[in-house]
Amino acid sequence: MYVSYIKPLIDFVAALVLLILFSPILLLVYFLVFVVSGRNPIFLQVRPGYKGKPFTIVKFKTMTDEKDAIGVLLAEEKRLTALGKFIRKTSIDELPQLINVLKGDISLVGPRPLVMRYLPRYNSKQLRRHDVKPGITGWAQVNGRDAISWDKKFELDIYYVDHISFGLDLKILFKTIFNVLMGKDESPVSAEIMEEWFGNEK
């Protein structure tokens, strides 16, 4: 009942209200990213959603499109801007995903949507993270974020799938707000670019 009806309704109403409330911030960041990068400030990427179904995630760009002398993109750590570091640190880059919540692609709370190339690397247990909609924030994000190992992240994701409830979602949302305001669980400087996960290909 909660997962099928109540949670989607809460997601839609909350996303709509939050988009209205945060619209001044969204417009300001859109302008600032445009000034810094000189390009479209919106980052679009296909990610796996519920049951692995692809959808296009919407985020603010945090990196430039700088290339070397032969036209190859520079390493990600060299393209991450000072503004990009700030909006990642404060999670502002995630706010446009409220549009994905409105569309029903993702939920406010759920396992973070990773990248399509990881799908064939999951074992059967890890694949269960796609038994629910992905989310803007999740149980792994409020229990270590990028400071924990991939195995621990997947363990926490599966815990969420097995224990999903209104109470747990509320707890995750409050912990997310607290962590952002207090600057907890930030990515270390050396890990601002997420490490590749090779999973079962190792």
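**Aromatic cluster, Leu-108 and the second largest pocket**

In this predicted model, Tyr-118 counts as buried because its relative accessibility is 3%. Trp-197 is likewise buried, with a relative accessible area of 4%. The search of the whole structure that returned nine aromatic pairs places the rings of these two residues with their centres 5.5 Å apart and their planes at 75°, so Tyr-118 and Trp-197 are classed as edge-to-face. Tyr-118 belongs to the loop between β3 and β4 (135-137), whereas Trp-197 is in the segment after α6 (166-182); the pair therefore ties together parts that are 79 residues apart in sequence.

An edge-to-face arrangement is also found for Tyr-122 and Phe-154, with 5.7 Å from centre to centre and 90° between the planes. Because Tyr-122 is located in the loop between β3 and β4 and Phe-154 in helix α5 (residues 150-163), this pair ties together parts that are 32 residues apart in sequence. Tyr-122 is buried at a relative accessible area of 8%, and Phe-154 is buried at 4%. With Trp-150, the residues Tyr-118, Tyr-122, Phe-154 and Trp-197 make up one aromatic cluster. Over the face of Trp-150 lies Lys-153, at 4.4 Å from the ring centre.

Leu-108 is part of strand β3 (residues 107-109). With a relative accessibility of 10%, under the 20% limit, Leu-108 counts as buried. When neighbours within four places in sequence are left aside, the contacts of Leu-108 are Asp-11, Ala-14, Leu-98, Val-101, Gly-135, Ile-136, Thr-137 and Leu-173. Between Leu-108 and Pro-8, the separation is 100 residues in sequence and 9.3 Å in space, C-alpha to C-alpha.

The second largest pocket has a volume of about 190 Å³. Its lining consists of Val-3, Lys-7, Pro-8, Asp-11, Tyr-50, Ser-107, Val-109, Asp-131, Val-132, Lys-133, Tyr-160 and Ile-164. Two or more residues of this lining come from each of the elements α1 (2-37) and β3. The largest contribution is that of α1, with four residues. By residue class, the lining of the second largest pocket comprises seven nonpolar, one polar and four charged residues. Asp-11 thus appears both in the lining of this pocket and among the contacts of Leu-108.

Terms used
Residues are numbered from 1 along each chain as its sequence is written. This is a predicted model: local features need pLDDT of at least 70, side-chain atom pairs count only at pLDDT 80 or more; totals for chains, interfaces and linings use all residues. Side-chain values use heavy atoms; hydrogens and water are left out. Buried means under 20% relative accessible area, exposed over 50%, partly exposed in between (1.4 Å probe, protein chains only). Contact means heavy atoms within 4.5 Å. Rings of Phe, Tyr and Trp (its six-membered ring) pair if their centres lie within 6.5 Å; planes under 30 degrees apart count as stacked, over 60 as edge-to-face and the rest as tilted. A charge sits over a ring if NZ of Lys or CZ of Arg is within 6 Å of the ring centre and within 35 degrees of the ring normal. On a 1 Å grid over the protein atoms alone, a cavity is a set of points where a 1.4 Å probe fits but cannot get out, and a pocket is an open set with protein on both sides within 12 Å along at least five of seven lines; lining residues have an atom within 4 Å of a point. Grid points are joined across faces, edges and corners, and a volume is the space filled by probe spheres set on the points. Ala, Val, Leu, Ile, Met, Phe, Trp, Tyr, Cys and Pro count as nonpolar, Asp, Glu, Lys and Arg as charged, and the others, Gly among them, as polar.
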